[in-house]
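Me: I would like a close look at one part of this complex, namely the smaller details of how one chain is built and how it meets its partner. Please take the confidence of the prediction into account as you go.

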Amino acid sequence: MAVPKTLGLETEYGIVHRGAPEPNPISASSLLINAYLIATHQAPEPGRAAVGWDFTDETPGNDARGGAPAGSLAPEIETHLVNAVLTNGARYYVDHAHPELSTPECADAHSVVVYDRAAELIAARSMEAVRRLLPPDEEIVVYKNNSDGKGNSYGCHENYLVSRAVPFSRIVTHATAHFVTRQIYCGAGKLGTETPGMRLDEAGYQISQRADFIEEEVGLETTLKRPIVNTRDEPHADAAKYRRLHVIVGDANMSQVATFLKVGTTALVMALTEDDAVPRELRFATPVAALRQVSRDLSLREPLELVDGSTITALGAQWELMAAARAYVETRGADAVGGEVAHQVLDRWEAVLGGLERDPMELAAQIDWVAKLRLLEGFRERHDLDFQDARLRALDIQYHDLRPAKSLAARAGLETLVHEDEAELAMTEPPPDTRAFFRGRCLQRFAAEVVAANWDSIVFDVGEGSLRRVSMTEPTRGTVAHVGAMFDECGSAIDLLRRLGAAGA
Amino acid sequence: MAEREQIRKPAPANRDQSVEEAPPASERGSDIKAQLDDLLDEIDEVLETNAEDFVKSYIQKGGE
């Protein structure tokens, strides 16, 4: 049986420190995040350490295939940089040379969109806050894209809770089929190419920001030789019951509809995989080449070769997966995939595939690569620009600018699924329906006693000599339904720990 | 230099099927064009003024 699809996003943002004599992206990222923490009173009191991240359980080197192949390089964890847990249950930190925000665990695709939008608002608030600390001619600017157009990429990772009982090879098969083809509605669009050996002008415009950087079918790496299916086996939950599928192939989306579909369809495909409900295996003859081909084929009509010698288009593969998902939900229900939200995902999925089949330009309010293409074409025509003109490249980058006054995506007429009020609230309030509720409430109520937190535990210091760790290895527990009343009744962290001890939680 | 490849627009298919219920094409077309014109006016206003420098200096370290 498919396990409930607990979901989340980790977004690394591009960062520019304008006007700085010697800009350094690491210190700019630290400054940005610290400015936000101070402005929102989530910074520590003087003389106290911040609520830090607890790395005790982090094992990014574990490989889902069991024993990493020789030569695999797991990313190293940097523990010395800013690393904060927010009251909404999110993690806001410096990763390599980027600010990164991981959403709290969410129970459905709609909730992911709420927390992804909240993350954009947090980034915008951070930029305002840091501006007040900088000299007037300096500014730190954050971009929600995945490439600098010069061969450097940074990721927007997705996470899906899946059952440990599923053979990993089956996950690889169906995930690959989905990831190669879902770009047609998840792609954020990019001018030019960054594939080594290809000239910049060989590809005019492509669907995905990331396809150029994907070089392997399956692997542990995330910073080099990036794979379609990442094998990091670090569930941040009961490892006997769960895997976490860590997805690194996707683009960060400005369109809420695209984010909704990206995580909603992938959660469905994972549930189908767990219950072995995909009617046939779509195995591409050359998956990495197919991924890049789909990214460059704006007609969406090119045939992709399968290992059995037959062919299918990206649209054809998506129609097939959508039909299988609909049949699955009709027969088995949608409990594991977000309930009512799964029905909305299916309807939206079908509508978008229909639109892409008729004319992709119909979807300029829903799909990022189409919205951006419309702006680029219109701007190019208006100013009679050469395709290599720097203004078009600037437009491509500025589509992803998170400053409200500068963002082109914010002006592109994109359909929204989330009210701004709901996203504002989600900047500080955790989702009610996952363990993130427990984490968020602990930080709202008892931050002074919380020494450290991570995805599956919280460490308290209540002055009783030894530290107390509360374990949260079940992502669907610790919700408002489970512990909401307990928080209302407890006046202190000691009360809470006593109650938890008595309840055996 | 002037004869660069244009940004390829996707080729619409089955367009005849979708036309039936739509408002008259000319009316709808001019409406869409007016919207795009407004949007392009805004882009003219907010786009980075020195695009060349901006694009050149947009350099990121690889991440993840």
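Reply: What follows takes up chain B, its contact with chain A, and then some parts of chain A.

This is a predicted model, in which local features need pLDDT of at least 70 and side-chain atom pairs count only at pLDDT 80 or more, whereas totals for chains, interfaces and linings use all residues. Residues are numbered from 1 along each chain as its sequence is written, while chains are lettered from A and ligands numbered from 1 in the order in which they are written.

For the complex, the predictor gives an ipTM of 0.90 and a pTM of 0.92. Chain B has a mean pLDDT of 74 (pLDDT is the predictor's confidence in each residue, from 0 to 100), and 56% of its residues reach 70 or more. Its secondary structure comes to 3 helices and 0 strands, where helices (H or I, at least four residues) and strands (E, at least two) are DSSP runs numbered from the N terminus. Read from the N terminus on, the elements of chain B run α-α-α. Confidence in chain B is lowest in H1(B), with a mean of 44, and highest in H3(B), at 96. Residues 1-6 of chain B stay under 50 in pLDDT, and the model has 8 contacts for them beyond four places in sequence, a contact being two residues whose C-beta atoms, placed from the backbone, lie within 7 Å. Over residues 14-20 of chain B the pLDDT is also below 50, and this stretch has 5 contacts beyond near neighbours in sequence. Of the 64 residues in chain B, 11% are buried; a residue is buried if 20 or more other C-beta atoms lie within 10 Å of its own, exposed if 12 or fewer, and partly exposed in between, with C-beta atoms placed from the backbone.

The contact between the chains takes 34 residues from chain B and 50 residues from chain A. On the side of chain B that touches chain A, the elements giving two or more residues are H1 (15-19), H2 (25-46) and H3 (51-57) of chain B, and H2(B) gives the most, with 6 residues. That side divides into 18 nonpolar, 6 polar and 10 charged residues, where Ala, Val, Leu, Ile, Met, Phe, Trp, Tyr, Cys and Pro count as nonpolar, Asp, Glu, Lys and Arg as charged, and the others, Gly among them, as polar.

Chain A is divided into domain 1 (7-425) and domain 2 (435-503), with bounds that come from an automatic or database domain assignment. The centres of these two domains of chain A, taken over C-alpha atoms, are separated by 31 Å, and 15 residues of domain 1 are in contact with 18 residues of domain 2.

Within chain A, 18 of the 23 residues of H2(A) are buried, so this helix is largely enclosed by the rest of the structure. Asp108(A) lies in the loop between strand E6 (98-102) and H2 of chain A, and counts as buried because it has 28 C-beta neighbours inside 10 Å. Leaving aside neighbours within four places in sequence, Asp108(A) is in contact with Gly338(A) and Val341(A). Strand E12 (residues 226-230) of chain A is mostly covered, 5 of its 5 residues being buried.
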